[in-house]
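Q: Please walk me through the reasoning behind the labels on this model. I want each term set against its criterion.

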Amino acid sequence: MSEVAQEEPVTVARSARTPETPLPYERLKAFEGQPAATAAVGKDPVNAPMIRHWCEAMGDANPAYQGPDAIAPPTMLQAWTMGGLSGHTDRSGAFDALFALLDGAGYTSVVATDCEQEYLRPLRPGDEITFDAVIEAVSERKTTKLGVGHFVTTRMDVRADGEPAGTHRFRILKYAPHAPHAPHARQNPPAVPAPPAAPAASAPRRPRPVINRDNAGFWAGVAGHRLLIQRCTGCRTLRFPWLPGCSRCGSPEWDTVEASGAGTVFSYVVLHHPPFPAFDPPYAVGLIELAEGVRMVSNIVGVPHDRVRIGMPVRLDFQRVDEEFELPAFRAAAGGEG
Amino acid sequence: MKAGDELPELTVPITRTLIVAGALASRDYQDVHHDTEAAAEKGSPDIFMNILTTNGLVGRYLTDHFGPRCVLRKVAIRLGAPNYPGDTMVLRGTVTEVADGTAVVRVVGANGLGHHVTGTVTVSLPEGTE
């Protein structure tokens, strides 16, 4: 199946320059369901010259897009609805109002993050394009690598000569950019250099745990390759992660149980972007349900990130992260892939 | 063809010309796709490829492989690391499902910064496709 655990787009904790003003989320949420475009008309009918220009740009030599029986490349769907240099004339008042609200609060930049298209019938030269779009979702305020902003999702129904031709779901991030980039400091390729295979001395290190008297026993267990679960000596309830008291009966008294190491994947995400220092995406982060019943967040190893499945049996392993640091992780059991 | 099969990779040099040509062919005149100074003003180190071009390249990757008689049914992509000029993107695909003349392919396009695009494409295959 085309499962794909939802990966969070470009989200990272980083303090941005924040000239923007937080907006009450209810004001943004109120735009959900409002039209983004109504009975809009494509500026040009589907036509051979635009198809040819597209194919030239993409390096696409597919003969299906050439000659008297040519169809348009399906991925051009959105191109037929674009406003171009002269802009959109068919946008709804609601869409303009949402953008004005975000612009006014300092979220002035736009970047597209997702595009999901379904093609219902081929487009051919001469087809007249019409479309309607709705604002499907406006996210809460998110901190991303680019800056703080809101994701806006629209869904568009595209028709050709009045017949349904395709659907187009589009997500953008409307954000407040970080400080301008110094134009002369540009390099090729620029921006964040890919983490090189640097010598160990300068390699970024995984973040260290903060060890305190409430969790020291857990880390002492890890050092001895034992995964210890806390147990309330009052009501015998197991708890993880470690806490000073029992959330069931309130007792501060506890002892420990060593986990057998057996578990299953209760849920997981795959982190693709952004890359954090000392991490090598994509990788799977699992919520593992231990045989004892408690759940813990951990890396899933020994299986490609896109083969991780909910319910997959896993087994405790201790991974040496660097010379002085080991972490518990969970290894997919042999033959456990579904 | 079966689930798990891998498509041959496609290497796409990310030139300034490709970024600008793709933006214009898709009617996308956002300045961050053609004006370096405007891009810098918005916090980007350079111009970067627009999503419509990425979408077009992903579509081309599939139709190049399956041939002119295949039909794209769905293309769903998510962008991560931007495609800046001077970089190279390598598209790779893995068949995840084959049923009733339709294949689902998981596509990843990686550049020097990480994954530029991840996505899923559903394509109908002409009869007789092995």
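A: This is a predicted model. Start with a hairpin-style question of pairing: strand E13 (residues 313-322) and strand E14 (residues 325-332) of chain A are joined by 8 bridges and run antiparallel.

Q: Why are E13 and E14 of chain A called paired?
A: Pairing requires at least two bridges. E13(A) and E14(A) have 8 bridges, so they count as paired. Within this pairing, Arg320(A) stands opposite Glu326(A) of E14(A).

Q: What makes helix H4 of chain A a neighbour that packs on the sheet?
A: Helix H4 (residues 216-223) touches E13 and E14 of chain A. Touching here means heavy atoms within 4.5 Å. The direction of H4(A) makes about 75° with that of E14(A).

Q: Which strands close into the barrel, and in what order?
A: In chain A, 5 strands close up in the order E10-E11-E12-E14-E13, with mixed pairing. The twist averages 50° from one strand to the next.

Q: Why is the second largest cavity counted in the search?
A: The search of the whole structure takes cavities of 30 Å³ or more and finds 2. The second largest has a volume of about 30 Å³. Its lining includes Lys43(A), Trp80(A) and Arg27(B).

Q: What makes 3 residues of that lining charged?
A: Asp, Glu, Lys and Arg count as charged. Lys43(A), Asp44(A) and Arg27(B) are in the lining, so they fall in that class. The other class present is nonpolar, with 4 residues; no polar residue appears.

Conventions: Residues are numbered from 1 along each chain as its sequence is written. Chains are lettered from A and ligands numbered from 1 in the order in which they are written. This is a predicted model: local features need pLDDT of at least 70, side-chain atom pairs count only at pLDDT 80 or more; totals for chains, interfaces and linings use all residues. Side-chain values use heavy atoms; hydrogens and water are left out. Helices (H or I, at least four residues) and strands (E, at least two) are DSSP runs, numbered from the N terminus. Axes are lines fitted to C-alpha atoms, for helices over the stretch in contact, and angles run from 0 to 180 degrees between N-to-C directions. On a 1 Å grid over the protein atoms alone, a cavity is a set of points where a 1.4 Å probe fits but cannot get out, and a pocket is an open set with protein on both sides within 12 Å along at least five of seven lines; lining residues have an atom within 4 Å of a point. Grid points are joined across faces, edges and corners, and a volume is the space filled by probe spheres set on the points.
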